[in-house]
Amino acid sequence: MRCLIGLICLFLSAWINTKVEWNLKEWTTSPLPRPESALLLSAEFSPLSSDYFLMKAAIFYSGMAKFKKTESLWLSKALYLASYLDPYYFEPYWMAGVSLPWEGRLQEAKKILKRGLNYLNNRWEIPFYLGFISFYFEHDNKVAANYFLMASKLPNAPTYLPLLASRLAVKGRETRIAIAFLQEQLKMTKEKKIKSRLKKRLKALQAIAFLERAVERYKEIYGHLPLELNSLIKQNIISAIPEDPYGGSFYLTEDGRIWSTSNLR
Amino acid sequence: MSAISLKEIYKTYKKGLRQRILAVKNLSFAVEQGEIFGFVGPNGAGKSTTIKILMGLIFADRGEARLFDLPCSHPKARAKVGFVPEQPALYDHLTGAEFLHFAGELYGLSKKNFMEQALKLLEKVGLKEAMNLKLRHYSKGMQQRLVIAQALITNPELIIMDEPLSGLDPIGRMEIMDLIKSLKEEGKTIFFSSHILHDVETVCDRVALIVRGELKFLGKPDNIEETFREEIQKWAKS
Amino acid sequence: MGKIISIAKVTFKEGIRERVFLGVLIFVGLLLIGSGFLADLSIGDILKVTQDIGLSGLSLLGLFVALFLSTHLIAKDLDKKTIYLVVSKPIARWQYILGKFLGLSFLTIFAIFVGFIVFLITLFYFWKTAKIYHVPQIAWGKHLLAFVYLNLKMCLLIAVGIFFSSFTSSALVAFSFSLLIYFIGANLQNVKMILESKVGENITPILKSLFKLAYWLFPNLSLLDLKAIAVHNLPLNIGNLGLSLLYGLAYTALLLLFASFIFDRRELN
C-alpha cells in the first residue's frame, strides 16, 4: 500500500515538473547581485560563481534573436559580474568584446575590457577589442592605433596588427578590418549558436564591403557618388543588391558609406 | 611519605551566574602506602569531586592535594597511579589491545616492557579473546574490566577507583573485592569510594566518611556504623 | 614527545574510522570525477571549469574535516568523558592539545591527499581528451604548491577549531564560531579590495577603522589560497609565498598556545 502511494507521488511530481513552463528568458535575465555582494558571499569560491554567471550570459546570448535595451544591459552586467569574480579568466572579456559593442553597449564593454588590462597582461585580444571599439564604433583612430600597438607586442598577436595600426588613417578600410576581425573570432569559437551569430554578422559586413567596392568603382568612373544604391545596378556595376541577413535594406549614407536600416541588429 | 595527602581542601562549584555549591569543605586526611582505604558517603557528598581533584581533572580552590608528595596538578604525580573512573568511557573505534597500548604509551612504557605485560593483564581480567575486537562491541562488564586493565598496565603503586562496585551484580562485586585484596598483597595502595557502607567495612584497613563535603569520620571501619547512621539521618532530614 | 604522537595516532584512528569521514570522502571523490562532465555542460573554458570545481571540492573536503570533524571529535571526547582516561595519566594538558592537533592535521592531510590524487587523475584525463581550439598548458607544479598551501590553511583552521573547543563544551558552538572565523578570514582580502575601490569611498571612516582592526586580528586565509595561481598559471612571487607560509605557521602556533593556556585551567567535569 505504501509502495503504491509512493509511486503515485513520484509520478505526480514528475508530471507536474514537465508541465511547468520553464522560461529561458526569465531564468537567464533574473536579477543579478551586486558584484561586491557576490564576491563576499562566494568568499574563496568566487571562480565558481564567475563560471556560473558566464554560463548564464552565454546561454542568454546564444538563445536570443534580438536584444531589447534592457536585455543588452543585463548581458553587460552579467559579463561584468563574471569578470569581477574571476578577473584572471579570459572568457568573460572575450565574450564582452565580441558581443557588447554590436549591441550598442560600448561603455560597458570598455569598462570590462579596461579592467581586464590590469589582470591579463599577456592576452593580445583585450587591447585589440578596445582598439576595435575605438576604431570601428567611436571613430577615434588615435586611441585605436595605441591599443593595436599595445596588442601587437603581446604573445601570439596576429601579424597584421602593426599593419592595421598604420592603415587607420585610410578611409573605407573599416569594413574590411571588421571582416578580418570576425574571421579570427570564428576560428576561436566552438559554440554553435555564437558561431552562427558571428557568421550572420560576417555575411552582413561582406555584403557592405561588396557594396562599398561597387560605390568606389562608380566614383572612379563618374567622378561623384551615386544618388542611391539602385544607380549601381542601372549602370551595370553590380547585378543585384545583396540581402541583409538582419532583414533590413542597405542604403547609401550622405558621406558615401553603406549602412542598413536594420542597424545590423 | 603518604600515597595521598589532602590538606584543607575547599572546592566550590558555580552554577550559572549566582548559585554557588560548596562541594568540599576543609577536607584533610592522608592515605598511607600499602593500605586499602575506603572513602564513603551518600550521593553528592563530594567523593567524586575529591577524586577528580586528586587526578588533576579539576582544581581545588584552596588547600593542598598531593600524590606521593607531588602536587596533583603536576603530571608526574600520576606516574605511579592507576585510575578507574566511575563510568567507563572508552574510544569506541579502537580495539582492546590498541587501547591498552595507548594507555601504556601515555605512562611512558617502552614497547619491550609493554607487550608481555599487556597480554598477562588481558588474561588476568579475562579479555584475551576479545582483545582484537572494537570497544564498541564490548559489553559494559567487559568495558569495566578493560578500564581496570589499563589502570594496572604500568604496575602502579597506587590505584584510585571511583565507585568501582556500583551497578555490578554479586559476582562482579566479588571479583572486584578479590582484585582489591590481591592488589594489596602485592604491596599496592588502593583508594576507592562507595556509597554503600558494607562494601568498605568488609575490606578496608581505614575508612573516611564524608557528608556534604565535610569529613565526619576517619579511622578503622569497626567503629563506623553508628556514626554513619547518625550522619545519614541528619543528612536525610535536611 | 612520544606521548604526543600516541594521542595523535589515536585521534587519527578515531577520525578515520568514523563513518561520516568515509561518506564525505566518497562524495568528494564523485564530485571530482564528475567535475569534467559538469564542466562540459557549462559553457566556458572546460579545463578552467574542471579545475575550479576540483579545487573547490578539495577546499570543501578540507573544510569539513578541519572544522566539523575537529570540533566534533573534541566535543565528543569531553562529552563522553573519554578524555578522563587520557588526562588522568602522567601527561600535561598542552601535550593533549598538541597531540589532538597533530592527529587531526594528519587526518585532514590524508583526506585532501586522496582527493588531490583523484583530482590530478581526472584533470589529466580531461586534458588529454579535450577537443578545443587550443589546449592550454596546465601548471602541474603550481597545483602541487596550491595543495601544500591548502593543507597549511586547513591546519590553521584546525587550530581555530581546537581553540574554540578549549573553552566551550558544545560541538555546535565551537563549529559555528570556527565557521564564522573561516568566513571572515576568507573574505578579508576581498573586503580590503572593495574598500580601496570606488565603492569603498562612501563607507564611513568608523567602519574602515573597524575593518583595519579586523584585518590585524583575524586570519587572512586568502594568503594561503593559491587557486588562482594554479588555475591561471600566474607568476610566483617567492617572497610573498615565503611570508605567507610564515604567517600561516605563526598564526597556527599562536592559536595553539592560547588553546593550551585556556585548557590548562579548564575543569573537566
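Which of the two pairs of chains in contact shares the most contacts? Color by chain and look. The pair is chains B and C. Keep in mind that this is a predicted model.

**Stop 1: the chains**

Select chains B and C. The contact between them takes 23 residues from chain B and 22 residues from chain C. On the side of chain B that touches chain C, helix α2 of chain B (residues 96–106) gives the most, with three residues. Now color that side by class. It has 15 nonpolar, five polar and three charged residues.

Next, show chains A and C. Here 24 residues of chain C are in contact with 19 residues of chain A. Which elements of chain C give two or more residues to this side? They are α3 (46–79), α7 and α9 (227–232) of chain C. Select α3(C): the largest share comes from this helix, six residues. By class, the side of chain C that touches chain A divides into 12 nonpolar, seven polar and five charged residues.

Now show chains A and B. No contact joins them. The closest C-alpha atoms of chain A and chain B lie 35 Å apart.

**Stop 2: two helices of chain C**

Hide chains A and B. Select helix α6 (residues 140–165) and helix α7 (residues 171–196) of chain C. Their axes come within 9 Å and cross at roughly 140°. α6(C) and α7(C) are therefore oblique to each other. Is the crossing left-handed or right-handed? The crossing of α6(C) and α7(C) is right-handed.

Show the side chains where they meet. From α6(C), pick Leu157(C), Val160(C), Gly161(C), Phe164(C) and Ser165(C). From α7(C), pick Ala174(C), Phe177(C), Ser178(C), Ile181(C) and Tyr182(C). This contact of α6(C) with α7(C) has seven nonpolar, three polar and no charged residues.

**Stop 3: the domains of chain B**

Bring back chain B. Color residues 1–80 and 157–238 together as domain 1. Give another color to residues 87–156, which are domain 2. How far apart do the C-alpha centres of the two domains of chain B lie? The distance is 25 Å.

**Stop 4: a sheet of four strands**

Stay with chain B. Find the open sheet of four strands with the order β2-β1-β4-β5. The pairing is antiparallel. β2 (19–31) and β5 (70–71) of chain B stand at the edges, and each has a single partner strand, so one side of each is left without a neighbour in the sheet.

What holds neighbouring strands together? Strands of a sheet pair through backbone hydrogen bonds, either parallel or antiparallel.

Select strand β1 (residues 4–15) and strand β4 (residues 62–67) of chain B. Five bridges join these antiparallel strands. Label Ile4(B), which stands opposite Leu67(B) in β4(B). Then label Leu6(B), whose bridge partner in β4(B) is Ala65(B).

Move on to β5(B). β4(B) and β5(B) pair in the antiparallel sense over two bridges. Leu67(B) has Leu70(B) as its bridge partner in β5(B). The two strands form a hairpin with two residues between them. In the turn, click Phe68(B): this residue has a positive phi of about 50°.

**Stop 5: a sheet of six strands**

Now find the other open sheet listed for this tour. Six strands of chain B stand in the order β6-β7-β8-β3-β9-β10. The pairing is mixed. Which strands are at the edges? They are β6 (81–84) and β10 (214–219) of chain B, and each pairs on one side only. On average, neighbouring strands of this sheet are turned by 15° against each other, direction ignored.

Select strand β7 (residues 158–161) and strand β8 (residues 189–194) of chain B. These strands run parallel, joined by four bridges. Label Ile160(B) and its bridge partner in β8(B), Phe191(B).

**Stop 6: helices α4 and α2 of chain B**

Add α4(B) to the view. This helix lies across β6 and β7 of chain B, running at about 170° to β6(B).

Last, add α2(B). The axes of α2(B) and α4(B) (residues 140–152) come within 9 Å and cross at roughly 30°. The two helices are therefore roughly parallel to each other. α2(B) passes α4(B) in a right-handed crossing. Show Gly96(B), Phe99(B), Leu100(B) and Ala103(B) in α2(B), which meet Leu146(B), Ala149(B) and Gln150(B) in α4(B). By class, this contact has five nonpolar, two polar and no charged residues.

Key
Residues numbered from 1 in each chain as written. Chains lettered and ligands numbered in written order. Predicted model: local features only at pLDDT ≥ 70, side-chain atom pairs only at ≥ 80, totals over all residues. Contact = placed C-beta atoms within 7 Å. Nonpolar A, V, L, I, M, F, W, Y, C, P; charged D, E, K, R; others polar. Domains from an automatic or database assignment. Pairing = 2+ DSSP bridges. Axes fitted to C-alpha atoms, helices over the stretch in contact; angles between N-to-C directions. Parallel < 35°, antiparallel > 145°, perpendicular 65-115°, else oblique. Left-handed = near helix turned anticlockwise from the far one by under 90°.
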